[in-house]
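Please take me through this model step by step in the viewer, saying what to select at each stop and what is to be found there.

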Amino acid sequence: MVEKTDVAAVLELIRPSLQADGGDVKLIDVSEDGIVTVELQGACKGCPMSEMTLANGVERILKERVPGVERVVPHHEGY
């Protein structure tokens, strides 16, 4: 099982890079099967590159640093 605190700690390491580009990331949930749900905020929210940011940035780093993370998915309001 993936610890939410571990994921949050790694997101704190990623956050300055996103903030430098006018964006941010918020941890929404971590499921028992390793699915991390995040919400991109600021300039990252709705940005055409946001899917790439998740897959190539946030997901890659979380998988490297937190055992058990399978994938990172975007939070969609209303779900």
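**First stop: G42**

Begin by selecting G42, which is exposed, with a relative accessible area of 52%, in what is a predicted model. Exposed here stands for a relative accessible area over 50%. G42 has its place in strand β2, which covers residues 35-42. Show its surroundings next: once the neighbours within four places in sequence are left aside, G42 is in contact with G22 and G23. Then draw a line from the C-alpha of G42 to that of V7, a residue 35 positions away in sequence, and the viewer should give a separation of 20 Å in space.

**Second stop: the nonpolar core**

V7 leads on to the largest nonpolar core, which has 19 residues, and within which V7, L11, V36, V38 and L62 touch the most other members. Colour the elements that give two or more residues to this core, namely α1 (4-20), β1 (23-30), β2 and α2 (50-65). Which of the elements gives the most to this core? Select α1, since the answer is there: α1 contributes five residues. As a general background to this stop, nonpolar side chains in soluble globular proteins tend to be buried together.

**Third stop: V38**

Stay with the core and select V38, one of the residues that touch the most other members. Leaving out residues up to four places away in sequence, V38 touches L11, then V25, K26, L27 and I28, then L54, and finally V72, V73, P74 and H75.

**Fourth stop: the whole chain**

Now zoom out and switch to a cartoon view, where two helices and three strands can be picked out, following the pattern α-β-β-α-β when read along the sequence. The radius of gyration is 12 Å, close to the 12 Å that the globule rule gives for 79 residues, so the chain is as compact as a globular protein of that length. Along its principal axes, the C-alpha trace spans about 30 × 30 × 20 Å. If contacts with a separation of 6 or more are displayed, residues 24 or more positions apart account for 47% of them.

**Last stop: surface and charges**

Turn on the accessible surface, which comes to about 4,900 Å², with 51% of it belonging to carbon and sulfur atoms. Of the 79 residues beneath and upon this surface, 38% count as buried. To finish, select the 8 positive and 14 negative charges of the chain, whose mean positions are 3 Å apart.

Methods:
Residues numbered from 1 in each chain as written. Predicted model: local features only at pLDDT ≥ 70, side-chain atom pairs only at ≥ 80, totals over all residues. Heavy atoms only, no water. Helix = DSSP H or I, 4+ residues; strand = E, 2+ residues; numbered from the N terminus. Rg over C-alpha atoms; globule rule 2.2 N^0.38 Å. Buried < 20%, exposed > 50% of the residue type's maximum accessible area, 1.4 Å probe, protein only. Contact = heavy atoms within 4.5 Å. Areas by Shrake-Rupley, 256 points an atom, 1.4 Å probe, with all protein chains shown as cover. Lys, Arg positive; Asp, Glu negative; His and termini not counted. Charge placed at Lys NZ, Arg CZ, Asp CG, Glu CD. Core = buried A, V, L, I, M, F, W, Y, C linked by side-chain atoms within 4.5 Å.
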